[in-house]
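Biologist: I'm new to this one, so could you walk me through it with a few questions and answers?
Modeller: Sure, let's get it on the screen and begin.

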Amino acid sequence: MNTSEFRSVPLPPVAEGLYDPSFERDACGVGFVAHLKGRKSHQIVQDGLLLLKNLQHRGACGCDKDTGDGAGILVQMPDPFFRAEAERFGLSLPEVGSYGVAFCFLPLEPDDRAECRRGVERIVADQRQRVLGWRSVPVVSTAIGWLARSREPVMEQLFIGCGEKTDAEDFERSLYVIRRRAEVWATKSGKTAAGTDFYIASCSSRTVIYKGMLKADQLGPYFPDLTQPGMESAIALVHSRYSTNTFPRWALAQPFHMLAHNGEINTLRGNATWLLARQHQMQSAALGDDLAKTLPLDFDGLSDSAVLDRALELLVHSGRSLPQALMMLVPEAYEGQKDLDPAIRGFFDYHRCLTEPWDGPAGLAFSDGSLIGATLDRNGLRPGRYVITEDDLVVCASEAGVLPVDASRVRSKGRLQPGKFFLVDTSDGCVYTDGEVKASVAARKPYAEWVRNNLTKLDDLPIAKIPEHDLTTLRHRQQAFGYTVEDLTRVLLPTAQDGQEPVSSMGTDIPLAVLSDRPQVLFNYFRQLFAQVTNPPIDPIREKIVMNTESLLGGEVNLLGETPEHARLLRLKSPMLADDDLARIREANKPGLKAHTIRTLFSRAEGESGLATAINRICTEAAEAVNNGATILVLSDRGVNAANVPVPILLAVAAVHHHLLRWGLRTRCGLVAETGEAKEVHHFALLIGFGAGAVNPYLVFETFHGLAAVNLLVDGNGNPIEHVKAVKNYRKAIDGGLLKVFSKMGISTLMSYRGGQIFEAIGLNKILVDQFFLGTPSRIEGIGLTEIARESLARHELGFPTDPRDESPELDAGGEIMWRRRGEHHMWNPETVQRLQHAVNSESYPTYKSFAKMSNDESRQLCTLRGLLDIKTVARPIPHELVEPAKEIVKRFFTGAMSFGSISKEAHETLAIALNRVGGRSNTGEGGEDPIRFKRDANGDLRGSAIKQVASGRFGVTANYLANAVEIQIKMAQGAKPGEGGQLPGHKVDSAIAKTRYSTPGVGLISPPPHHDIYSIEDLAQLIFDLKNANPHAEISVKLVAAAGVGTIAAGVTKGFADRILISGDSGGTGASPLSSIRHAGVPWELGLAETQQVLVRNGLRGRVRVQTDGQMKTGRDVIIAACLGAEEYGFATAPLIAMGCIMMRKCHLNTCPVGIATQDPVLRAQFAGTPEQIVNYLFFVAEEVRELLSEMGFRTLDEIVGRPDLLMARDLSGHWKAKHLNLAALLEKPAVAPGTPLRCVERQTDTLAEQIDWELIHNSKAALESLEHCSLSYQLTNRNRTVGTLLSYFVTAKHGETGLPEDTINVQFTGTAGQSFGAFVTKGITLSLRGEANDYVGKGLSGGKLIVAPPADASYVASENAVIGNVALYGATSGEAYFRGRGGERFAVRNSGAKAVVEGVGDHACEYMTGGVVVVLGSTGRNFAAGMSGGFAYVYDPDGTFRENCNTEMVDLVPVDEYKDIGVLGNLLNRHVLYTGSEVADAIVNDFAGELGNFVKVFPKDYRRVLEQSRAIQRQWELVNG
Amino acid sequence: MSDPRGFLSVDPQKPMPRPVHQRTKDYDELYQPMPPEGVRAQATRCMDCGIPFCHTGCPLGNLIPDWNDLVHRNRWEEALQALHDTNNFPEFTGKTCPAPCESACVLALNGAAVTIKTIEAAIVDKGWEMGWIVPHPPTRETGKSVGVIGSGPAGMAAAQQLRRAGHAVTVYERDDRPGGLMTYGIPDFKMGKEYVDKRVDQLQREGVKFVVNADVGRTIDPNDLAASHDALLLSVGATKPRDLDVPGRHLKGIGMAMPYLTQQNRRVADLEPEGEPILATGKNVVIIGGGDTAADCLGTCHRQGAKSVLQLDYNPRPPEHANPATPWPLWPKILRISPAHEEGGKRDWQIKTRHFQGDEQGRVKALHAVRVKQYFDEAGERQFQEMTGSELVFPCELVLLAIGFSGPESGLPQVLGLAMNESGAIQADRRYATSRPGVFAAGDCRRGQSIVVWAIAEGREAARHIDEFLTGRPSRLRGRDASPLVIELPKTLRS
């Protein structure tokens, strides 16, 4: 089928249903080319266009294949061109520099257009500059797609002449003011709807930007200007966009006025909020009175990159240099750098007082017309490669090889490094190193001194008296704040014991807060957002060098100024304040530090209305206090008693935060919460996310006192824990937990998280959200202040009953974690568990129906969103027998991804057999699969899982594993802990697990939070492409977790050619996850699925992809609702586990599962009594229920109801005091697209493999494939040849299995630049040798093949000093060899579990999480080498002894290379390296091997060492005994 | 919480009964107390389940994992508190309960359950020993009064709860001592009567009035009680025994189990047995019935020195271990071997009594029976068929009928004009209210014959509803499933 048959017209990007355009994300390719000496030529522009074309694959297009997401170019003012053009219409331009060009996108409608023109002209005149004339920009509209054309603006350029007595700097600034004023005017007068109608792409006397909703290769053809010989420039900065949405948005194409950005600003919300808040205190000497005219800033409809650009321009035009402004906004992770220049440290310390970092993956290219450069985020999460030639050409881009450069002309090559600059000044012809740039900026002012003299540390404040704790009223207050027995025994006590947030398992199955009958703390209505696909989460443990929990408190001053007083703030190491910390702050008496306490209590006597009164009072008092000079506001709920009820502290903090924002007072003070309510990590995260700078959870500390008083504050051995120690452990757990919460959104510092509101609300009404939580998504409405007050009063009543006889002498049971009578409702409870088990065991459909009735019937206890829906009767019922048979329906069922490792072999295989029997699909989970299971058993059963998962750990992901998949699933996130990694402790890694995971028994394994080859949407597209090469027959699916914005991500994923998308709910099971993640991250699948369906349908993408969903699905009714909301396939995990015997112990993380499912203990595994029949019975029962419902609804097949939310309706909830406020209309929204627009998958994704060079390789190596004959081939590559060798490898694997071919059977010689993923998953017997260079992901998942990359023989540069490959080489490699003559990038050999590699230098984080194999590094390394490395060896050549500084020795020892075995391994690899690459470095070492050995350091993982020594000891004993 | 690997490292251990030859010589309790360290070790086996099935298996909703953990951590007094939180009389259940909690224990899936009952008994024993169990009289009187008719476990539990809520409570008992079945029904070797006395004493100290020898419905007009109290609770048990309507039933030496057991209990208590003595001494005894009462008779016969004892059951012999019809965590219908069975006697199943044969004095001499076979008819109803040629004759001098109870005796409900349900019990709704306003019913007389733990559970729940009835507001008494935190849903959504 062909897409042209349904030309789906996307709907405009306005918030509708669950779709909100603010969720849109983009990422891309970026690059520039420049002449070092600033020599202008048309060639540079041509080169820019070519470079852009070669980045095409990093962009994307939507439902119209000819419409790109955006492309553009920034060039220097092409004076000869414009002069000639102007003359053509009789205009004589003033000298260059004295005129500017405003490139305007104008409305199509002539009157509107004229008005816009007049508007701009008025402003120009008002700014005392001259309107010279308008030029209509010629465009070739036929060069672009119909979709882009449908919203194509009219392009005109306005020439603006310099007014009198204006110097060049002032003129340029004036052009900025003109543009900003025009933007402000356009917003006010409604000329800009979401930035699409009237827009100024550039307005400068130095640069001009051509861009639009184009594909990379359309830019030149669309704008004939660009191909005119007069179009001369010494710089060309280009950008190709990959957006998650597809509606034409011309204005969002990049470059923006000063920068082009590849990546995503994770902290955007907070940054934008703070920037807006700071407007009120802004003053600029440079802009003077004009500043006010450029305000207010307005970020509506802008992308994250556009907002960053606005911030950057504002700083630059108000007097800071471009590098300084960038260093302020995107600082490097300087905190942990021991050898950092103190002046530079001072610079960063100082500027941290002015602004929080803009955090997130960022490859930034920037230019002001003469400076041009690039920098990366602190984590180096985007790639950047550069080359400088002998003839002064500088090329820098996301990939190497984007512009063909003769190797013999190369002066140097390199890569951008995390947080570092690459800067070229075309005016003086110099290339500046990062150190030079930063030192010169840091030397501008005595920043370090300013900080020393003004910044206060907590310890500097005098000790003050702390409030006494009162055990007599403790229990009453605990009750009033909602404490339960579980909080004490399962949360606080373990935290005080271990210093860690407690871990649990099996997901959550309690009602949403808004549906619970029990009063919920306000915290429970919020869910944490997290990074998936468009940005990566961070590993806060292994990569803690980039993380920071420091919080600054106090009043800020003018962002645009620079004075010592800017640093008059209080610096806290942790946002968690102990009682004595808060006492010090309260009593502080220093300039700039003055605290004011506001009571956040409301009067019980006033009842529900008392809350609103109190909030008004609190807000008024806060504003007054700030106006009176307070710089720290302490919101305190101390003093709760029978008459006074605590205001939910989150409400108090958020209300004050937003109130002060509204009144322009926010940045003049810091907020501290002194509260009895906060106790969990999630609570702290929320308080900080809504503006608090610090939190004092005093009731937790009193609780510790209370526990100690009854001898319960004891460690595991019953010994008392000192109060101080308990507080310390608690702080450790909170800080660690917060880092985890920040990092799951890809945020590194508390300051960037603060005020960021990275949450979604479920069940709060719009009035409430708009007033107190403005900007937080809340999509199904819900309760307001009255109900919140009622909940507070109910808790208060428990602690301080009206009638003293109603006193409850104990805390409430809770029952939110473990089921309890009198506790919270659980969907899996004794009744449902036993009914399901009895049904499948006795094959009794009636018993199943009683189970289903109990699960489906939420009339007694509301629990889920689907429980609030009813199925409409619109059609007449049809006879049961006309409905498609159950055996067809079960084929749509799949089971959740549970790894062999998290569950036992027996349980894992039982699931697989059952699903294979019915034609459904089971999932390997992330632990690989024993190849024995790829073959059928004698009885015809297949124990292999149809779905092979590829997760961040890449355990056991080999060519053979992939080749045996029916479906390959990329796990982007997991419902129970989205954005987090996992850990399999060493004691769970037995020999069988170690074998399938390619690791060592007894050695612990870590799954990183991100896929290190996916930091961005185009990276995911690349991995999808890689996997399609690794198995062209398998379907590729991408697993996402439901959260606000998931639909937009799904659109991006569809554009990346995934075949299936799984939307996983928040509540799914897990083997082990921190409590706060299980309950507070992600949203129910109903929301995520409906949003996905709506967005895909809106964008005309739904027909290209199958949608799946899972997350606590149990019954046929669940399936029907999922189908109507848009899913074609349905996943079950907990229910099948229960069918085969799970009884919800929630002990998976302890390895003590008594029914042998979630355990590796052989004694317990022997108890496993599950059978495939039980699961088959369950699945058929569900299918039968589906059939019954379909027949009642009047449909014959499930397909007919997919994407039909109109078949559902909201139940009458008027009787429930909370649920009646919900509005499910958005959930049930059906986009009003043209008839015929597909609502379900109707076509296959485009074949992306057709042009692979591998087809030629396969054709030419037939002899090798068939009869193992050696064959040698040679080819030329460019960076557009991606994933070379993988498809060839698939054919080898398909034929020869895991064993592959004998070494070097197929030998391919390449020249040129290889695109990304060179040699990915290449199997044994294939040798790929490249003379030239390669990009990112070389040897990803290498499975036995051999890779060689070396510079060409005629290269003019020193190989060992220059980059030869990109980032993340050998990620997840399991075996094979790799030799790289030259330097590698960041994250070399991450998660390597068996490959051997030699490289001549690496970037940061090399060998992270490595579990096996050998890495030899013959040059310098970046920071954080060997973080989380638990196996294998690295030998690092370290003649100057600097390596130790860069190595993370938490898990590894550094030892000399003196053992016989080591010397052999090292010598052998060096010899091969010389042989294959001609390496000079290696050759020199080999020639004096004995002498050089002492210069090598062996990196030896401690765990690995212990296990090896143990087994060696056992071996020795055995030898002694047996001779 | 407890040691997560405790169940793997500690072997299960049941409480030890005294040796047969020793215990059959007296009426003292047959189990030896387990030393506290042993109990602690057993408590360590508790797995702290995500869904503690024991906690639902127990009709009282005992907080089993919680007090297991407290015992494990040697915090006995708090364990006792947690135990009393859901159960007024843990020693009654700790000693006599068949322990449906243990059959629902997750460890029972694959092996031996946690010895919950033993731990419960140990906690409460310790409580008595340490003097932790004291009266808790109410701090304030409501001015309302409740009459509780029947002082069995249901009545006592209700009385204690109501009293603690501040109501004046009078308990009417038709026997000469309070306690109902606990006093005169259950043999001393299962539970010493001093426990009942101690609880009665506790209740009295809390202010509960006991009126004994008060046969309401016969010697006292219940309507008078209804008038003098603000509410009445009937907890009169299901004491109407089922009988066997076969020829020869009138013969001497054929009697009901309960009078037999009561007589012996009175003897042990040094009281005069009522009526003509029924003794097994030197006799061949046949006990008809397969339940707990039959087993109590069996144990008593051994202690009285019967010549032989034969226990006959109409039903087929249940499976010894698992019964697929009653899968975990349900109460398994399996062959129960009580300590009495270990003490001697024979059992036979699928036996239907045809008639009794008497001697010249009109005394029973033999029991004539036939073997039956169980089958299910087309409607799925259970039926029995006599097997031809399987006639049997059992010589005997004493026959005890222990074939269950059909419901409460009819007098009292009739006088009060209460509606009865199909199974012959007093009809009462979910709030334990009978058809007559102000009159409530709980325990066996409402739910039919059952076990002690259910009686206590019903008494407690009934007390909550009576409290609400009397005060017109939500009861502050602890409910089995109700949390004081729950904000009550309007009825429209509850129905």
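**A walk through the model**

Modeller: Let's start with Thr549(A), which sits in the loop between strand S19 (526-528) and strand S20 (551-553) of chain A. Keep in mind that this is a predicted model.

Biologist: Is Thr549(A) buried or exposed, and what is its relative accessible area?
Modeller: Leaving out residues up to four places away in sequence, Thr549(A) touches Leu572(A), Lys573(A), Ser574(A), Pro575(A), Asp735(A), Leu739(A) and Leu750(A). Buried means under 20% relative accessible area. Thr549(A) is therefore buried, as its value is 13%.

Biologist: Which residue has its backbone oxygen 2.9 Å from a polar atom of the side chain of Thr549(A)?
Modeller: Look among the residues that Thr549(A) touches, which include Leu572(A), Lys573(A) and Ser574(A). The backbone oxygen at 2.9 Å from a polar atom of the Thr549(A) side chain belongs to Lys573(A).

Biologist: Now Leu529(A): which residue, 551 residues apart from it along the chain, has its C-alpha atom 9.1 Å away?
Modeller: Leu529(A) is also placed in the loop between S19 and S20 of chain A, and at 18% relative accessibility it counts as buried. Beyond residues up to four places away in sequence, Leu529(A) touches Lys744(A), Met745(A), Ile758(A), Phe759(A), Glu760(A), Ala1043(A) and Ala1044(A). The residue whose C-alpha atom is 9.1 Å from that of Leu529(A) is His1080(A).

Biologist: On to salt bridges: how many residues apart are Arg117(A) and Glu156(A)?
Modeller: A search of the whole structure finds 142 salt bridges over all chains. In one of them, the side chains of Arg117(A) and Glu156(A) meet at 2.7 Å, N to O. Arg117(A) belongs to helix H3 (residues 110-126) of chain A and Glu156(A) to strand S5 (residues 154-161) of chain A, so this pair links distant parts of the chain, 39 residues apart.

Biologist: What is the relative accessibility of Glu156(A)?
Modeller: Its partner Arg117(A) is partly exposed, with a relative accessible area of 24%. Glu156(A), on the other hand, counts as buried, with a relative accessibility of 6%.

Biologist: How many residues apart in sequence are the parts that Asp1199(A) and Arg892(A) tie together?
Modeller: These two form a salt bridge, with their closest N and O atoms 2.9 Å apart. Asp1199(A) lies in the loop between helix H38 (1172-1193) and strand S41 (1208-1210) of chain A, and Arg892(A) in the loop between helix H27 (886-889) and strand S31 (893-895) of chain A, so the tied parts are apart in sequence by 307 residues.

Biologist: In the salt bridge of Asp1304(A) and Lys1346(A), what is the relative accessible area of Lys1346(A)?
Modeller: The closest N and O atoms of Asp1304(A) and Lys1346(A) are 3.0 Å apart. Asp1304(A) is partly exposed, with a relative accessible area of 22%. Lys1346(A) is buried, and its value is 3%.

Biologist: Over to chain B: what is the bridge partner of Val372(B) in S12(B)?
Modeller: Strand S11 (residues 364-376) of chain B and strand S12 (residues 382-386) of chain B run antiparallel and are joined by five bridges. Their hairpin has five residues between the strands, and there Gly380(B) takes a positive phi near 85 degrees. As for Val372(B), its bridge partner in S12(B) is Glu386(B).

Biologist: How do the two chains meet, and about how much area do chain B and chain A bury between them?
Modeller: The contact takes 54 residues from chain B and 46 residues from chain A. Of the area the two chains bury between them, 55% is on carbon and sulfur atoms, and the total is about 4700 Å².

Biologist: Which residue of chain B forms a salt bridge with Asp803(A)?
Modeller: The rule finds eight salt bridges across the interface of chain B and chain A. In the one with Asp803(A), the closest N and O atoms are 3.3 Å apart, and the partner is Arg140(B).

Biologist: And which helix gives the most to the side of chain B that touches chain A?
Modeller: Helix H1 (6-9), helix H4 (53-57), helix H5 (64-72), helix H6 (76-86) and helix H20 (491-494) of chain B each supply at least two residues of that side. With four residues, the one that gives the most is H6(B).

Definitions and conventions: Residues numbered from 1 in each chain as written. Chains lettered and ligands numbered in written order. Predicted model: local features only at pLDDT ≥ 70, side-chain atom pairs only at ≥ 80, totals over all residues. Heavy atoms only, no water. Contact = heavy atoms within 4.5 Å. Buried area = accessible area lost by both parts, 1.4 Å probe. Salt bridge = Lys/Arg side-chain N within 4 Å of Asp/Glu carboxyl O. Buried < 20%, exposed > 50% of the residue type's maximum accessible area, 1.4 Å probe, protein only. Polar contact = N/O pair within 3.5 Å; in protein donor to acceptor, adjacent residues only side chain to side chain. Pairing = 2+ DSSP bridges.
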